[in-house]
Amino acid sequence: MGDTSRLCSVWLGSETGILKGVSLARKQAFNFCNTSHLSRDQEVRALCWGDPAESELLVGSVDGTVKTFSVEKGAFTETRRCGDPADGCFAGLAALGGSSGSALVTCADCGTLRVWREDGSSEPAAELDAGKNVCRMRPSPVHPHKVATGGKENGLKIWDLERPEKPVFAAKNLRDDWLDLRRPQWVRDMAFIPDSDKVVTCTGYHQVHVFDPSTPQRRPVLEVEYGEYPLTALSLPAAGNAVVVGNTHGQIAVLDLRKGLVRGALKGLAGGVRALQCHPSQPLVASCGLDRFLRIHSLEDRKPQHKVYLKSRLNCVLLASRALEAEGGVAGATGGAQDVKEEDDEDDLWETMERVEETPKRKPTEEDEGIEEEEEELQKKSKKKRKKGKD
C-alpha cells in the first residue's frame with residue numbers, strides 16, 4: 001500500500017468516506033479505506049497536508065474526527081476527535097506550523113473555530129466564535145497564524161489566532177441596491193492573494209469580491225459577477241492575477257482580478273463543482289464535484305488534460321506540489337488497492353460504433369400529387385352524401 005500511495009499526486013475525498021488517490025503518470029486511481037466499516041458518518045469534508053514535506057494527509061470527516069493518513073505507509077495512523085457531530089460538518093481544516101510549534105485548526109458549520117496542539121490533548125488550546133452558518137475557513141499561506149472565515153449572512157472575517165478576541169478585519173456589507181433594499185451576503189469560498197494583503201471571495205449570488213485589509217475601506221475594492229448560478233469554489237493560480245471559480249451548474253471560468261473580466265471558460269463538466277485547486281507551480285487546475293469525475297484542465301489553452309471517473313460523488317481535492325505526472329514512488333510498484341483506469345475507453349467505444357444515418361425523404365412526383373388530389377375529392381363526395389342522408 002505504501003508503494004501505491006507514493007505514486008499518487010492527486011488526493012480526493014468522497015461522500016462515501018473513501019480517500020482516493022490518483023496517479024496521473026500511470027492513469028490509475030486507488031482507494032484507501034477500510035471497506036468493512038464504511039458509512040455516511042465518515043464522509044470526507046476536508047483535506048489538507050499535515051506537514052510541509054507532504055508525507056501526511058489530514059482527513060476531516062462528518063462525525064467530527066480527523067484522521068492522519070501516512071503517504072509513506074499507505075495507511076491511516078491516527079484518529080483524533082476534534083468536534084461534535086452536533087456542531088455540523090467541517091468548514092475548514094488546516095495544519096499550522098510556527099514559532100510556538102505545530103497545531104491543527106478546525107472550523108465547523110456552527111462557527112466554532114478551535115486550535116488543537118499536537119500533544120493529542122482532548123481539549124482545544126484556543127477557541128473562538130466566527131459566527132453562524134460558516135461555509136469556509138482558509139488559512140493564510142504567508143502568515144500561519146491568520147485564517148479567514150465566511151458564510152451565509154456572515155461576511156468575510158480575518159482572525160489572528162494569537163489574539164483571538166476579535167477579528168483583525170471584518171468586511172462590511174455591500175451598499176443597498178437602487179431600491180434601497182439590503183443586499184444579502186453568502187460567502188462560499190475565499191483565498192489569500194499572494195504577495196499582497198488582499199483576499200478574494202466568491203458568493204452564492206454569483207459574485208466575486210476582492211477585499212484589501214491594508215486600506216481603511218471595508219467594502220470590496222473589486223466586484224465582479226459571473227453567470228447566474230451560485231459560485232461554490234475558487235482557487236488562485238500561481239501568478240495570482242487571476243482566479244478560477246466554479247458554480248452549481250458545472251461552469252468553470254477564469255476571471256482577471258485586475259480588470260474584472262472573464263478570460264475564458266473551462267468546459268466538460270456535467271455536475272455542480274464542489275472543489276477546485278490550482279497547482280502551485282504548473283498552469284493546471286483540478287476540479288471535482290457531483291459528476292464523480294476528476295478533471296485536470298490547462299490554464300494556458302483551457303483544454304482538458306485528464307479525466308478520471310472515481311465512482312463516488314466527490315467533496316474535496318488536494319494536489320501535491322511536485323509535478324502531477326511525475327513518478328512519486330518505486331518504478332516497479334503495483335497497486336493492491338482498487339484500480340480505476342482513466343475514462344478514455346468511452347470515447348473509443350463511440351468511435352467504433354456504426355454510424356446510422358437517416359434516409360432522406362423522397363420528393364413527391366407528379367403522379368403522387370395526382371393520386372392525393374383524387375383521394376381528397378373522394379373524401380369530399382362521401383361527406384356530401386352523409387349530409388344528404390341526415391337531411
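Here are some notes to help you find your way around this structure, which is a predicted model.

1. Start with helix H3, which covers residues 366-390. Two charged patches are worth finding on your screen. A negative surface patch is made by Glu-372, Glu-373, Glu-374, Glu-375, Glu-376 and Glu-377. Glu-376, one of these, sits in helix H3. With a relative accessible area of 48%, Glu-376 is partly exposed, because being exposed takes over 50%.

2. Now look for the opposite charge. Lys-380, Lys-381, Lys-383, Lys-384, Lys-385 and Arg-386 make up a positive surface patch. Arg-386 belongs to helix H3, and its relative accessible area of 59% makes this arginine exposed. So if you colour by charge, look for Glu-376 in the negative patch and Arg-386 in the positive one, given that the cut-off for exposed is over 50%.

3. There is also a nonpolar patch on the surface. Its members are Trp-178, Leu-179 and Leu-181, and together they have about 410 Å² of accessible area. Leu-179 lies in the loop between S15 and strand S16 (187-192). Is Leu-179 buried or exposed, or something in between? Its relative accessibility is 48%, so Leu-179 counts as partly exposed.

4. Next, a sheet to trace. Four strands make an open sheet, and you can follow them in the order S12-S13-S14-S15, with antiparallel pairing. The edges are taken by strand S12 (134-139) and strand S15 (169-170); each has a single partner strand, so one side of each has no neighbour in the sheet.

5. Within that sheet, have a look at strand S13 (residues 146-151) and strand S14 (residues 154-160). These two pair in the antiparallel sense, over 5 bridges. For a concrete spot to click on, take Thr-149: its bridge partner in S14 is Lys-157.

6. Strand S28 (residues 314-319) is another good stop. How many of its 6 residues are buried? The count is 6 of the 6, so strand S28 is largely enclosed by the rest of the structure. Strand S1 (residues 10-14) is joined to S28 by 5 bridges, and the two run antiparallel. To see the pairing, pick Val-10, which stands opposite Leu-319 in S28.

7. Keep going along the chain and you reach Ala-320, in the loop between S28 and strand S29 (340-341). Ala-320 has 1% relative accessibility and so counts as buried. Which residue should you look up alongside Ala-320? Try Glu-54. These two are 266 residues apart along the chain, yet their C-alpha atoms are separated by 7.4 Å.

8. Glu-54 has something else to show you. This glutamate is in the loop between strand S4 (44-49) and strand S5 (56-61). Its phi is near 60°, which is a positive value in a residue other than glycine.

9. Where else can you find a phi near 60° in a residue other than glycine? Go to Arg-302, whose phi is near 60° and positive. Arg-302 is in the loop between strand S26 (293-298) and strand S27 (304-309). With 32% relative accessibility, Arg-302 counts as partly exposed.

Technical notes. Residues are numbered from 1 along each chain as its sequence is written. This is a predicted model: local features need pLDDT of at least 70, side-chain atom pairs count only at pLDDT 80 or more; totals for chains, interfaces and linings use all residues. Side-chain values use heavy atoms; hydrogens and water are left out. Patches are made of residues with over 30% relative accessible area and no salt bridge: like charges are joined within 9 Å, nonpolar side chains (Val, Leu, Ile, Met, Phe, Trp, Tyr) within 5 Å. Accessible areas come from the Shrake-Rupley method with a 1.4 Å probe; for residues, only the protein chains shown count as cover. A salt bridge is a side-chain nitrogen of Lys or Arg within 4 Å of a carboxyl oxygen of Asp or Glu. Lys and Arg count as positive and Asp and Glu as negative; His and the chain ends are not counted. The place of a charge is taken as NZ of Lys, CZ of Arg, CG of Asp or CD of Glu. Buried means under 20% relative accessible area, exposed over 50%, partly exposed in between (1.4 Å probe, protein chains only). Two strands pair if DSSP finds at least two bridges between them.
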